[in-house]
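Reader: I have a protein model open and would like to go through it piece by piece. Please keep the answers short and end each one on what I asked for.

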Amino acid sequence: MKRRSIRKKLSSFQIIMIGFLAVIFIGAFLLSLPISARTGRWTSFSDALFTSASAVCVTGLVVRDTAVYWSVFGQTVILFLIQTGGLGIVTVAAFIATVSGRKISLRERSTLQESISAHQVGGIVRLTGFIFKAAFSAELIGAVIMLPAFYGSFGVSGIWMSVFHSVSAFCNAGFDIMGGRTGEFSSLTFFKGNLWVVIPVCLLIMFGGIGFLTWDDFAANRFHFKRYRMQTKAILTVTAVLIIIPAAIFFFSDFSQYGLRERICLSIFQAVTPRSAGFNTADIGSMTSAGRAMMIVLMLIGGAPGSTAGGIKTTTIAVLAANITAVIRRRKNPMLFFRRLEDQAVKSAAALLIMYLFMTFAGAFIISLLDGLPFSPCFFETSSAIGTVGLTLGITTSIGSVSRLILIALMFFGRVGGLTLMHAAVNSNGMEVAQRPVEKINVG
């Protein structure tokens, strides 16, 4: 009875937050066990906690090379955490309950709705089943396509590598197990010109990053763009823009030392991966300042709501762009695809942008102060953490324990979502009815 009453007092947002925290600490315990490390020794809880948080938050920042340090058992635990974190704790729990034949209560359906950013409670259980079928199908197809490349280069172990990288790419995690064969923290640089790896990984990242509701819309309407929901149209439009323009910038500002084929592959890959994936096929440290600045912007934007990606989300950028257009044209309401946007959507978008920028800047400032590092690489690292990306300039392994906790907090914030954490912290039971007097204030 007590457990039920406690559950009733918790809001959907608080349940989501507690679920993520529980899985992170369970993962940290499993990774700290001797069986998880190749050395057969206990791993410090600090390293295990950071790795678990990074996996559950599908970030990819690591303090230990995944292939070199962790055993097959440890890598399996990491992969399970990635899959659980990518699909969502509540989504996984609901799917298990459905498969076992247990009925999903209305309250649980409401929590599930918040977890995957669905528009309504109706049909939420069907949508959960669709998510799992689509996710596992995409991961299986990706693993099969990449298998010849991995098997040809690494033999039998290439089977496990193709599966691991397919799941990691679809969940936008950025974890790799290439370090033991191509050098520590090498990511996918070994395959920078291999289309049988680069293209599948790019497609898996995009499929995972456009959101579960976008898949559902596409499954219902196929290629009839006009029939899509406004949100789907905004996601696909912003995603296309954020691939084409950055790819062109990377092509002309970086990678001039490579041949045309490799240069195109590198440019497209680096335009896709910063939006929450974390893989890299090029040495980020050797990229130009303009290239790294572009990557920070992409990391902060991230993918779509209700997806495996982090960031402030593509829909937030679409709403802000629509609001800017409305202000310039002196329209009363911002519009997207001939539909008026709600005032609450504009307020939420502005609040998210300010929160993400403030936390990213504050985190970088504190890490720079504590560890005596230049601000620029610290800002890149905190942008990567809060965007749940995993790209790094190499400072994660050298920072202190307090700085690691800051990165963990940013990863958690980026994966669970700023609005979810706000609503979990401030559990308002009623809406404000009375309105205060209005007074004008000049802006700009």
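Reader: At roughly what angle do the axes of helix 18 and helix 19 cross?

Author: This is a predicted model. Helix 18 covers residues 375-386 and helix 19 covers residues 401-416. Their axes come within 7 Å and cross at roughly 40 degrees.

Reader: Are helix 18 and helix 19 parallel, perpendicular or oblique to each other?

Author: Angles under 35 degrees count as roughly parallel, and 65 to 115 as roughly perpendicular. The crossing angle here is roughly 40 degrees. The two helices, 18 and 19, are therefore oblique.

Reader: Which residues of helix 18 and helix 19 make the contact?

Author: Helix 19 contributes Leu-407, Leu-410, Met-411, Phe-413 and Gly-414. From helix 18 come Glu-381, Thr-382, Ala-385 and Ile-386.

Reader: What share of the residues of the protein count as buried?

Author: The secondary structure comes to 20 helices and 2 strands. The accessible surface is about 21,500 Å², with 65% of it belonging to carbon and sulfur atoms. Of the 444 residues, the share that counts as buried is 53%.

Reader: Which residues touch the most other members of the largest nonpolar core?

Author: That core has 118 residues. Helix 8 (residues 124-154) supplies the largest share of this core, 10 residues. The residues that touch the most other members are Ile-82 and Val-201.

Reader: What is Val-201 in contact with, leaving aside neighbours within four places in sequence?

Author: Contact is taken as heavy atoms within 4.5 Å. With neighbours within four places in sequence left aside, the partners of Val-201 are Met-146, Ala-169, Leu-188, Phe-269 and Phe-279.

Reader: How many residues of helix 5 are buried?

Author: Helix 5 runs over residues 72-87, and its end C-alpha atoms are 22 Å apart, which agrees with the span expected at 1.5 Å a residue. Its buried residues include Gly-74, Gln-75, Ile-82 and Leu-87. Helix 5 is largely enclosed by the rest of the structure, because the buried residues number 12 of the 16.

Reader: Which residue just after helix 5 takes a positive phi?

Author: The value is about 105 degrees, just after the helix ends. The residue is Gly-88.

Reader: What covers the buried residues of helix 9?

Author: Helix 9 is mostly covered, with 10 of its 14 residues buried. Among them are Met-161, Phe-164, His-165 and Ala-169. The cover includes helix 4, helix 5, helix 8, helix 10, helix 11 and helix 12.

Reader: Is Asn-172 buried or exposed?

Author: Asn-172 lies in the loop between helix 9 and helix 10. Its phi is near 60 degrees, a positive value in a residue other than glycine. Most residues other than glycine have a negative phi. Buried means under 20% relative accessible area, and at 0% Asn-172 therefore counts as buried.

Reader: Is Phe-338 buried or exposed?

Author: Phe-338 is found in the loop between strand 1 and strand 2. Phe-338 has a positive phi of about 65 degrees, although it is not a glycine. The cut-off for exposed is over 50% relative accessible area. With 74%, Phe-338 is therefore exposed.

Reader: How far apart in space are Met-335 and Val-319, C-alpha to C-alpha?

Author: Met-335 is found in strand 1 and counts as partly exposed at 36% relative accessibility. Not counting residues up to four places away in sequence, Met-335 touches Ala-322 and Arg-340. Met-335 and Val-319 are 16 residues apart in sequence, and their C-alpha separation in space is 8.3 Å.

Reader: Is Lys-313 buried or exposed?

Author: Lys-313 sits in the loop between helix 15 and helix 16. Leaving aside neighbours within four places in sequence, its contacts are Ile-301, Gly-303, Ala-304 and Pro-305. Its relative accessible area is 14%, and the limit for buried is under 20%. Lys-313 is therefore buried.

Reader: Which helices do the buried residues of helix 14 pack against?

Author: Helix 14 has 13 residues and reaches 18 Å from its first C-alpha to its last. Its buried residues include Arg-263, Leu-266, Phe-269 and Val-272. The buried residues of helix 14 pack against helix 11, helix 13 and helix 15.

Technical notes
Residues numbered from 1 in each chain as written. Predicted model: local features only at pLDDT ≥ 70, side-chain atom pairs only at ≥ 80, totals over all residues. Heavy atoms only, no water. Helix = DSSP H or I, 4+ residues; strand = E, 2+ residues; numbered from the N terminus. Buried < 20%, exposed > 50% of the residue type's maximum accessible area, 1.4 Å probe, protein only. Areas by Shrake-Rupley, 256 points an atom, 1.4 Å probe, with all protein chains shown as cover. Expected span 1.5 Å × (residues − 1). Core = buried A, V, L, I, M, F, W, Y, C linked by side-chain atoms within 4.5 Å. Axes fitted to C-alpha atoms, helices over the stretch in contact; angles between N-to-C directions. Parallel < 35°, antiparallel > 145°, perpendicular 65-115°, else oblique.
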